[in-house]
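Reader: I'm new to this one. Could you pick a single part, take me through it slowly, and then show me how it fits with the rest?

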Amino acid sequence: MFVSVDGREGVLMRERAQRSREPAGQAPASLDELLPRVARGDDVAYEQLYRQLSAPVFGLVQRVLRDPAQSEEVAQEVFLELWRSATRYTPDRGSVLSWAMTIAHRKAV
């Protein structure tokens with residue numbers, strides 16, 4: 001999932017974060033709309049969630065670890081945790097972004 005291309009760390013992750021499969025003129029779904037779909041096992045929603053969260057998650061992890069290769073591994077673990085624990089998310093305790101970033105920080109530390 002997170003690989004180096006031509007020696008540049010995180011290239012694939014950044015490219016995937018920038019790409020979009022949304023039809024022209026249609027706004028991407030919000031994180032609040034995507035997470036319940038991810039909890040039901042919707043892999044398309046997971047891909048959209050990944051696209052929206054990959055840059056902030058990877059950025060936070062890289063700031064904590066300072067090692068690009070290790071940061072990619074930890075970011076991958078974060079997204080696996082998001083997939084596995086999507087059913088445990090509680091909206092009244094915070095936003096999807098803050099929940100994901102908390103998981104990312106915890107894994108990085």
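Author: A contact here means heavy atoms within 4.5 Å. With that in hand, V57 touches A75, V78, F79, M101 and A104, leaving out residues up to four places away in sequence. A quick word on the source: this is a predicted model, where local features need pLDDT of at least 70 and side-chain atom pairs count only at pLDDT 80 or more, while totals for chains, interfaces and linings use all residues. Residues are numbered from 1 along each chain as its sequence is written, and side-chain values use heavy atoms, with hydrogens and water left out.

Now let's look at α4. Helices are DSSP runs of H or I with at least four residues, numbered from the N terminus. Helix α4 covers residues 68-85, so 18 residues, and spans 25 Å from first C-alpha to last, close to the 26 Å expected at 1.5 Å a residue (1.5 Å times one less than the number of residues). At its start, a side-chain oxygen of D67 comes within 3.1 Å of the backbone nitrogen of A69.

Which residues of α4 are buried? They are S71, E72, V74, A75, V78, F79, L82 and S85, where buried means under 20% relative accessible area with a 1.4 Å probe, protein chains only.

L82 also turns up in the largest nonpolar core, a set of buried Ala, Val, Leu, Ile, Met, Phe, Trp, Tyr and Cys residues joined through side-chain atoms within 4.5 Å. Of its 28 residues, L35, L49, L53, V57 and L82 touch the most other members. Elements giving two or more residues are α2 (31-39), α3 (43-65), α4 and α5 (96-108), and α3 supplies the largest share, nine residues.

Key:
Buried means under 20% relative accessible area, exposed over 50%, partly exposed in between (1.4 Å probe, protein chains only). A polar contact is a pair of N or O atoms within 3.5 Å; within protein, one must be able to donate a hydrogen and the other to accept it, and residues adjacent in sequence count only if both atoms are side-chain atoms.
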